[in-house]
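Work through the exercises below with the sequence and the model open. Each task is followed by a solution in steps.

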Amino acid sequence: MPKAEFGTPKYLSNKMKSKGLQKLKFYCQACEKQCRDENGFKCHMMSESHQRQMLVVAQNPGKFISNYSEEFKQNFIRLLSRSHGTKRVLANRVYMDYIAQRDHIHMNATKWNTLTEFCKEMGRAGIFRVDETERGVHIAWVDNSPKTLAKQAAIQKMERAAKDDEEREKELLKEQVEKASKLAEEKGLDREPKPTELKREGEQPIKLNLFMKPAAPAASPL
C-alpha cells in the first residue's frame with residue numbers, strides 16, 4: 001500500500017496518530033517499537049529485525065528483564081518525587097501520568113505483574129510509604145537523599161542541644177533553690193510566724209483617733 005503524500009489529510013492523520021499513545025498490546029518492548037494496529041504488530045513480529053532482536057534476548061532473558069525493571073523503577077520514582085514530592089497520592093494516578101509518556105517502559109516487560117506488587121516491594125525497601133484503602137493503593141515517596149538526611153540530622157542535633165540547655169537550666173534553678181533554703185534554715189529565717197490572740201486589758205472600749213495632729217510651727221530666724 002503506497003504511503004500518503006506529504007501534506008495530504010491522510011498524511012496529517014497518520015502523523016497525529018503516531019504522536020498519540022497507542023495500545024499496549026501492539027508494543028514490542030524488545031525492539032522498542034509501537035505498532036498502530038494488530039496487522040502492523042503481526043508484520044513486525046515476522047520481520048527480520050524483530051527475529052534478530054529476539055535471538056539476542058533469548059541468550060540472556062534475565063538480564064533484559066532486570067534492566068527493564070530497573071529503568072521502570074527509576075523513571076517511576078523520578079516522576080513521583082518531582083510531581084508529588086513526599087505527599088500521599090494514589091499509585092494509579094502516578095502510573096497514568098507515567099504511561100502517558102510515549103517512551104516509557106511497559107510493566108509487562110518488568111519482573112512485576114501488577115502495580116500493587118511493585119508498590120509493595122518499594123514499601124518493603126523503604127522507598128515508598130504504602131497503605132491500601134477502598135479507593136486503592138496510596139503511596140508517598142520517602143526522601144532518603146544525602147541532603148535531606150543531613151538536614152534532618154542537623155534539626156535533631158539542634159533539638160537535642162535545646163533540650164540539654166533546658167535540662168541544665170532546671171538543674172541550676174534547683175541548686176539555687178536548695179542553697180537558698182539551706183541558708184535560710186541556718187539563719188532561722190525558715191520559721192513561719194505564728195498568729196497570736198488579740199488581748200485587751202479591762203472593759204474599756206478601743207478608741208481610734210482619726211484626726212491628724214497639727215504640724216509644729218517652723219522656728220523663726222533670728
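Two strands pair if DSSP finds at least two bridges between them; strands (E, at least two residues) and helices (H or I, at least four) are DSSP runs, numbered from the N terminus. The model is predicted, so local features need pLDDT of at least 70, side-chain atom pairs count only at pLDDT 80 or more, and totals for chains, interfaces and linings use all residues. Residues are numbered from 1 along each chain as its sequence is written, and side-chain values use heavy atoms, with hydrogens and water left out.

**Exercise 1. The sheet**

Task: State which strands form the open sheet, in what order, and which helices touch its strands.

Solution.
Step 1. Start from strand S5 (residues 136–141), which pairs with S4 in the antiparallel sense over 6 bridges. Within this part of the model, Phe128 stands opposite Trp141 in S5.
Step 2. Extend to the whole sheet: 3 strands, in the order S3-S5-S4, with antiparallel pairing. Strand S3 (89–90) and strand S4 (128–133) are the edge strands, each pairing on one side only.
Step 3. Add the helices. Helix H4 (residues 61–84) packs on the sheet and touches S3, S4 and S5, where contact means heavy atoms within 4.5 Å. The direction of H4 makes about 80 degrees with that of S5. Helix H6 (residues 115–124) lies across S4 and S5 and runs at about 135 degrees to S4. For these angles, axes are lines fitted to C-alpha atoms, for helices over the stretch in contact, and angles run from 0 to 180 degrees between N-to-C directions.

**Exercise 2. The chain as a whole**

Task: Give the pattern of helices and strands along the protein chain, and the share of its residues that count as buried.

Solution.
Step 1. The protein chain has 7 helices and 5 strands. Along the sequence they follow the pattern α-β-β-α-α-α-β-α-α-β-β-α.
Step 2. Of the 222 residues, 23% count as buried. Buried means under 20% relative accessible area, exposed over 50%, and partly exposed in between (1.4 Å probe, protein chains only).
Step 3. Among contacts between residues at least 6 apart in sequence, 44% join residues at least 24 apart.

**Exercise 3. Salt bridges**

Task: How many salt bridges does the structure hold? For Arg52, Asp131 and Glu132, find the partner in the salt bridge.

Solution.
Step 1. Side chains of opposite charge can pair when their charged atoms come close. The criterion here is a side-chain nitrogen of Lys or Arg within 4 Å of a carboxyl oxygen of Asp or Glu. The structure holds 4 such salt bridges.
Step 2. Arg52 meets Glu48 at 3.1 Å, N to O. Both residues lie in helix H3 (residues 48–59), 4 residues apart, about one turn of the helix. Arg52 counts as partly exposed because its relative accessibility is 48%, while Glu48 is exposed at 60%.
Step 3. Asp131 meets Arg88 at 2.8 Å, N to O. This pair links distant parts of the chain: Asp131 is in strand S4 and Arg88 in the loop between H4 and S3, 43 residues apart. Asp131 has a relative accessible area of 28% and is therefore partly exposed.
Step 4. Glu132 pairs with Lys120, with the closest N and O atoms 4.0 Å apart. Glu132 is in strand S4 and Lys120 in helix H6, 12 residues apart. Glu132 is exposed at 53%, and Lys120 is partly exposed at 40%.

**Exercise 4. An aromatic pair**

Task: Is the pair of Phe72 and Tyr98 stacked or edge-to-face?

Solution.
Step 1. Rings of Phe, Tyr and Trp (its six-membered ring) pair if their centres lie within 6.5 Å; planes under 30 degrees apart count as stacked, over 60 as edge-to-face and the rest as tilted. The structure holds 11 aromatic pairs.
Step 2. The ring centres of Phe72 and Tyr98 are 5.1 Å apart and the planes stand at 85 degrees, so the pair is edge-to-face.
Step 3. Phe72 lies in helix H4 and Tyr98 in helix H5 (residues 91–99), so the pair ties together parts 26 residues apart in sequence. Both Phe72 and Tyr98 are buried.
Step 4. Phe72, Phe76, Tyr95, Tyr98, Trp112, Phe118 and Phe128 form one aromatic cluster.

**Exercise 5. Two single residues**

Task: Is His84 buried or exposed, and which residues does Gly126 touch?

Solution.
Step 1. His84 lies in helix H4 and is buried, with a relative accessible area of 14%. Not counting residues up to four places away in sequence, His84 touches Leu79, Val89, Arg93, Val94 and Asp97.
Step 2. Gly126 is in the loop between H6 and S4 and counts as partly exposed at 30% relative accessibility. With the same exclusion of residues up to four places away in sequence, Gly126 touches Val142 and Asn144. Gly126 and Val142 are 16 residues apart in sequence and 7.1 Å apart in space, C-alpha to C-alpha.
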